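Work through the exercises below with the sequence and the model open. Try each task before reading its solution.

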Amino acid sequence: MSRFAPRMPAATPTRIRLAALGVVALLAVGAAGASAAGTGGGGTGGGGRAAPAEPSLTGSAKLLRPDGDDVRFTFGAHGEPDTARGTFGFRHIGATERGFATGRIDCLASGGKVAVATGVVERTDVEGLEGLRIGFTVHDTGRGKPDRVGYSWAGTNDPTLTKDLPPCVSSAPFETVERGDFTVVTMDAAR
């Protein structure tokens, strides 16, 4: 059973191409945001890098899925809870389920190496998801250990069921990243 997207009609070649193009564009934006955000470390040590200017959640990654499904997330989120801005995207391609969504970040809170973000879906092929707020949690574990990801629909298996989700709400980061990386810059490190 998938823990990501609701059941959807069979994908057409056009839908698959559009989803792939959307994800490629999001991955490029996420990589540019991660590069612009720097390493995410606090202070000016380690080669004279300046402290980050604001909290952020950036990067792209593919989740580890034993069933072979290809599930990816990308984030380019910046700011504090009431000033958050940026983009998010996710894609799920599996044998029986597939879907994608992109949108704008509307809340970001971080502490330690964990960030919680929410955003409003602006483009998707998941029926009933456009215009809804969904949430994400990322644990940036650092080098040598895979990052972890959670999402607001973890308990329902259907992101359309979180219709009244408040800002900055998500689940524990229970999924493991197979490849890729997320960078969390905390509010403390940015001050």
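**Exercise 1. Locate Cys-168 and describe its backbone.**

Solution. Start with the position: Cys-168 sits in the loop between strand 7 and strand 8. Next, read its phi. The angle is positive, about 55°, although Cys-168 is not a glycine. Note that this model is predicted.

**Exercise 2. Which loop holds Asn-157, and what is the sign of its phi?**

Solution. Asn-157 is found in the loop between strand 7 and strand 8 (175-185). Its phi is positive, about 60°. Asn-157 is not a glycine either.

**Exercise 3. Write down the order of elements along the chain.**

Solution. Count the elements: there are one helix and eight strands. Then order them from the N terminus on. The run is α-β-β-β-β-β-β-β-β.

**Exercise 4. Summarise burial, contacts and surface for the whole chain.**

Solution. Take burial to begin with. The chain has 191 residues, and 48% of them count as buried. Move on to contacts with a separation of 6 or more. Residues 24 or more positions apart account for 58% of these. Finish with the surface: the chain exposes about 9000 Å². Carbon and sulfur atoms supply 56% of that area.

**Exercise 5. Place Gly-142 and classify its exposure.**

Solution. Gly-142 is in the loop between strand 6 (133-139) and strand 7 (148-151). Its relative accessibility is 29%. Buried requires under 20%, and exposed requires over 50%. Gly-142 therefore counts as partly exposed. Now check a partner distant in sequence. Asp-181 is 39 residues away along the chain, with 8.9 Å between the two C-alpha atoms.

**Exercise 6. Classify the ring pair of Phe-75 and Phe-136, then place the pair in the chain.**

Solution. The structure holds 11 aromatic pairs. Phe-75 and Phe-136 form one with 5.1 Å centre to centre and 65° between the planes. Centres must lie within 6.5 Å, and planes over 60 degrees apart count as edge-to-face. This pair is thus edge-to-face. Now place the rings. Phe-75 lies in strand 2 (residues 70-78) and Phe-136 in strand 6, so the pair ties together parts 61 residues apart in sequence. Are these two residues buried or exposed? Both Phe-75 and Phe-136 are buried.

**Exercise 7. Which aromatic residues form one cluster with Phe-75 and Phe-136?**

Solution. List the phenylalanines: Phe-73, Phe-88, Phe-90, Phe-174 and Phe-182 belong to the cluster. Then add Tyr-151 and Trp-153. Together with Phe-75 and Phe-136, these residues form one aromatic cluster.

Conventions: Residues are numbered from 1 along each chain as its sequence is written. This is a predicted model: local features need pLDDT of at least 70, side-chain atom pairs count only at pLDDT 80 or more; totals for chains, interfaces and linings use all residues. Side-chain values use heavy atoms; hydrogens and water are left out. Helices (H or I, at least four residues) and strands (E, at least two) are DSSP runs, numbered from the N terminus. Buried means under 20% relative accessible area, exposed over 50%, partly exposed in between (1.4 Å probe, protein chains only). Contact means heavy atoms within 4.5 Å. Accessible areas come from the Shrake-Rupley method with a 1.4 Å probe; for residues, only the protein chains shown count as cover. Rings of Phe, Tyr and Trp (its six-membered ring) pair if their centres lie within 6.5 Å; planes under 30 degrees apart count as stacked, over 60 as edge-to-face and the rest as tilted.
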